[in-house]
Amino acid sequence: RDVSERLAAFEALQESERQLREARDLLEVRIEERTLELVESNRQLRHEASERVRVEQALGAAEKLAVTARLAAGIAHEINNPLAGIKSAFDLVRDAIPYDHPYYRYVSRIESEIARIAVIVRQMYSLYSPDQEVPREFELRRSLRDVAELMEVLARKSEVTVRVAEQEEMEPVFLAEGAFRRILINLVQNAIEASPRGAE
């Protein structure tokens, strides 16, 4: 009886050890699986963090470029209007200088410099698409008068009169003013060039 009891106890002990080994093996497998999952999650997090940094840097660079482009377009706009007036005024001065005048040799040089500035202004405009200009509220009558004054020299040269019709007070408009002025300048210039002398 004593041997039987000891044999039963030994078999029970072996079974317990077997179950313990199986539990330990299962635990090791689960630990290994979880470790692999954590390693993969860590890799993905590092990739996402790196991608986020890259995107933030790209957004920062794009924002700086947009600010620079807007600044260049604003400067170009401020230069373009007086430049058009200078060119129109110089056309009148050029026609008044006789060929035998000692300073006539400067005419072509001035023309080339004006053309060079115009090219630079166009290049500055090209950095900033007009459809990116932020609309704002402004007085329409003021822009109309500014354009009319700007085109006055060209109108006098062509013997055409440009007037802004006197109307009741206009409501402010909400537009991209720079693009509006450029369109208006082109329209008025085309109208002057297409009008007969003495037109109004």
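Mentor: Angles between helix axes under 35 degrees count as roughly parallel, over 145 as roughly antiparallel, 65 to 115 as roughly perpendicular, and the rest as oblique. The model before us is predicted.

Trainee: Why are helix 3 and helix 5 called oblique to each other?

Mentor: Helix 3 (residues 140-150) and helix 5 (residues 177-194) pack at an angle of about 45°, and their axes are 10 Å apart. That angle falls in none of the parallel, antiparallel or perpendicular ranges, and the two helices are therefore oblique. The crossing of helix 3 with helix 5 is right-handed.

Trainee: Which residues of helix 3 and helix 5 meet?

Mentor: From helix 3 come Leu140, Arg142, Ser143, Leu144, Asp146, Val147 and Leu150, and from helix 5 come Glu177, Phe180, Arg181, Leu184, Ile185 and Val188. Sorted by class, this contact holds 8 nonpolar, 1 polar and 4 charged residues.

Trainee: What makes Arg94 and Glu111 a salt bridge?

Mentor: The criterion is a side-chain nitrogen of Lys or Arg within 4 Å of a carboxyl oxygen of Asp or Glu. The closest N and O atoms of Arg94 and Glu111 are 2.3 Å apart, so the pair qualifies. Arg94 belongs to helix 1 (residues 2-96) and Glu111 to helix 2 (residues 105-126), so the salt bridge ties together parts that are 17 residues apart in sequence.

Trainee: How do you know that Arg94 also forms a salt bridge with Asp95?

Mentor: The N to O distance between their side chains is 3.6 Å, and the cut-off is 4 Å, so this pair qualifies as well. Arg94 and Asp95 also belong to a network of salt bridges that links them with Lys87, Asp91 and Glu111.

Trainee: Why is Asp95 called exposed, and why is Arg94 called partly exposed?

Mentor: Exposed requires a relative accessible area over 50%, and buried requires one under 20%. Asp95 has 52% and is therefore exposed. Arg94, at 22%, lies between the two limits and is therefore partly exposed. Glu111, at 30%, is partly exposed by this reasoning.

Trainee: What separates Arg116 and Glu113 along helix 2?

Mentor: They are 3 residues apart in helix 2, which means a separation of about one helical turn. Their side chains meet in a salt bridge, with an N to O distance of 2.9 Å. Arg116, at 49% relative accessibility, counts as partly exposed, and so does Glu113 at 35%.

Trainee: How many salt bridges does a search of the whole structure find?

Mentor: The search finds 11 salt bridges.

Definitions and conventions
Residues are numbered from 1 along each chain as its sequence is written. This is a predicted model: local features need pLDDT of at least 70, side-chain atom pairs count only at pLDDT 80 or more; totals for chains, interfaces and linings use all residues. Side-chain values use heavy atoms; hydrogens and water are left out. Axes are lines fitted to C-alpha atoms, for helices over the stretch in contact, and angles run from 0 to 180 degrees between N-to-C directions. Helices (H or I, at least four residues) and strands (E, at least two) are DSSP runs, numbered from the N terminus. A crossing is left-handed if the near helix is turned anticlockwise from the far one by less than a right angle, and right-handed if clockwise. Contact means heavy atoms within 4.5 Å. Ala, Val, Leu, Ile, Met, Phe, Trp, Tyr, Cys and Pro count as nonpolar, Asp, Glu, Lys and Arg as charged, and the others, Gly among them, as polar. Buried means under 20% relative accessible area, exposed over 50%, partly exposed in between (1.4 Å probe, protein chains only).
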